[in-house]
Amino acid sequence: MHLARRGNEPTESVYDLFQKQISERAPYLNADTNSIRLFDGSGDGLLETYLDQLGEHWLLSTHDGLVDESLRRALSQFDKSVYWKKLDQHEKESPSLLCGDPVEEDFIGRENGLNYKLSFDSGYSQGLFLDQRENRARVMEMVEPGQKVLNTFAYTGAFSVAAASAGATTTTLDLSQPYLNWAKENMELNSIDPTEHYFCKGDTFHWLGRFAKSGKQFDGVILDPPTFSRDSKGKVFRVEKDYHRLVKLACELLTPGGWILACTNCRKLPAWEFEEQLIKGAGEGASLEALPMPPEYTEAEYLKSYLVRL
Ligand SMILES: C[S@@+](CC[C@H](N)C(=O)[O-])C[C@H]1O[C@@H](n2cnc3c(N)ncnc32)[C@H](O)[C@@H]1O
């Protein structure tokens, strides 16, 4: 673990540093939202050390294979169940308990007034990508009752829940049936009836083509693909080269005045190159509105998000 010294400030103890940054996050925690980033790596003074609040519990993420003892000691002074996850591991293991009481069951996290099922026992990801909080809020603002929203690469359907809570009829699309089931549970946790919404299992490229052929249209389409993916025919998709293909297909499904929320967390792809891909896919006349990351992400603007309108 490395303390990142900022300017000429004296190096603080790890506990003091956590305490200070966590108390600065207090304005973002309220009755509607209890799941946010509490500490953001070098942006907050510790290299490659990230702390998230998920519901009432904490998750520490580091690149190191072992947690530095000073980190563990500092975190054990807070009265919390703290789990730890090693980032970028091939095994994609669930986090392990670092200190505090074990969390035996799935639990609920709140964000923008909505409930999401979270888990420390479901593999590498816990059910909600916290860096998308403001984008989900924006979707809730934009959607009008009765509109149709397509959420591709949907994972546990958090964007679908946000859109449905604002009155949209949603279509949630993912390769994984367990994630689609999780998305339905998330709807139920918010008193949204999943039988009034659509769920499609399979490859996004395949479904986008199928929707276009059958003349289906959506008022909003959400694109948030993994950096690398393989379609049903084995064709590889790489965000850096191929995002424009995804945008072109999505444009064919848009109602007049519709929007695409296009996101990528690919750190290698600079914002200007991502913008070029969006324009290549949507056409020269398209307008792009850049959306910022949540304010507590102080380290890097790695998540690039744009509203694309034709
Ligand atoms: C990074 S997560 C998306 C996060 C999600 N947009 C959110 O905000 O919660 C990637 C998801 O894409 C799904 N996926 C990967 N390749 C896919 C493909 N070709 N078609 C459909 N889903 C895919 C994975 O199963 C996973 O759930």
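A residue is taken to be near a molecule if its C-beta atom, placed from the backbone, lies within 6 Å of it. The structure discussed here is a predicted model, and by that criterion 18 residues surround its ligand. The closest of them are Phe-153, Tyr-155, Thr-204, Asp-224 and Ser-229. Sorted by class, this shell holds 10 nonpolar, four polar and four charged residues. Helix H4, covering residues 158-165, and strand S9, covering 169-174, each contribute at least two residues to the shell.

Strand S9 deserves a further look. Five of its six residues are buried, so that the strand is mostly covered. Its pairing partner is strand S8, residues 148-151; the two run parallel and are joined by four bridges. Within this pair, Val-149 stands opposite Thr-170 of S9.

The wider arrangement of the chain comes next. The protein chain is divided into domain 1, residues 14-118, and domain 2, residues 130-309. Taken over C-alpha atoms, the centres of the two domains are separated by 27 Å. The contact between them takes 18 residues from domain 1 and 18 residues from domain 2. On the side of domain 1 that touches domain 2, strands S1, S6 (107-111) and S7 (114-118) each supply at least two residues. The largest share, four residues, comes from S7. In terms of class, this side of domain 1 consists of five nonpolar, six polar and seven charged residues.

Strand S1, one of the contributors to that side, spans residues 36-40 and is mostly covered, with five of its five residues buried. Strand S2, residues 49-54, runs antiparallel to S1, and four bridges join the two. One example of their pairing is Arg-37, whose bridge partner in S2 is Asp-52.

The interior of the model can now be considered. In soluble globular proteins, nonpolar side chains tend to be buried together. Here the largest nonpolar core has 73 residues, and those with the most contacts inside it are Leu-223, Val-247, Ile-260 and Ala-262. This core draws at least three residues from each of domain 1 and domain 2. Val-247 illustrates how such contacts are spread along the sequence: leaving out residues up to four places away, Val-247 touches Ile-260, Ala-262, Leu-278, Gly-281, Ala-282 and Val-308.

Two individual residues complete the tour. Which residues does Phe-211 contact, leaving aside its neighbours within four places in sequence? They are Lys-216 and Leu-253. Phe-211 lies in helix H6, residues 204-213, and counts as buried because 21 other C-beta atoms are found within 10 Å. Its C-alpha atom is separated by 13 Å from that of Lys-148, 63 residues apart along the chain.

Leu-307 belongs to strand S16, residues 304-309. Is Leu-307 buried or partly exposed? It counts as partly exposed, because it has 18 C-beta neighbours inside 10 Å, whereas a buried residue requires 20 or more. Leu-307 touches Trp-259, Leu-261, Glu-289 and Leu-291, residues up to four places away in sequence not being counted. Of these contacts, Leu-291 is 16 residues from Leu-307 in sequence, and the C-alpha atoms of the two are 7.4 Å apart in space.

Terms used: Residues numbered from 1 in each chain as written. Predicted model: local features only at pLDDT ≥ 70, side-chain atom pairs only at ≥ 80, totals over all residues. Buried ≥ 20, exposed ≤ 12 C-beta atoms within 10 Å, placed from the backbone. Pairing = 2+ DSSP bridges. Core = buried A, V, L, I, M, F, W, Y, C linked by C-beta atoms within 7 Å. Domains from an automatic or database assignment. Contact = placed C-beta atoms within 7 Å. Nonpolar A, V, L, I, M, F, W, Y, C, P; charged D, E, K, R; others polar.
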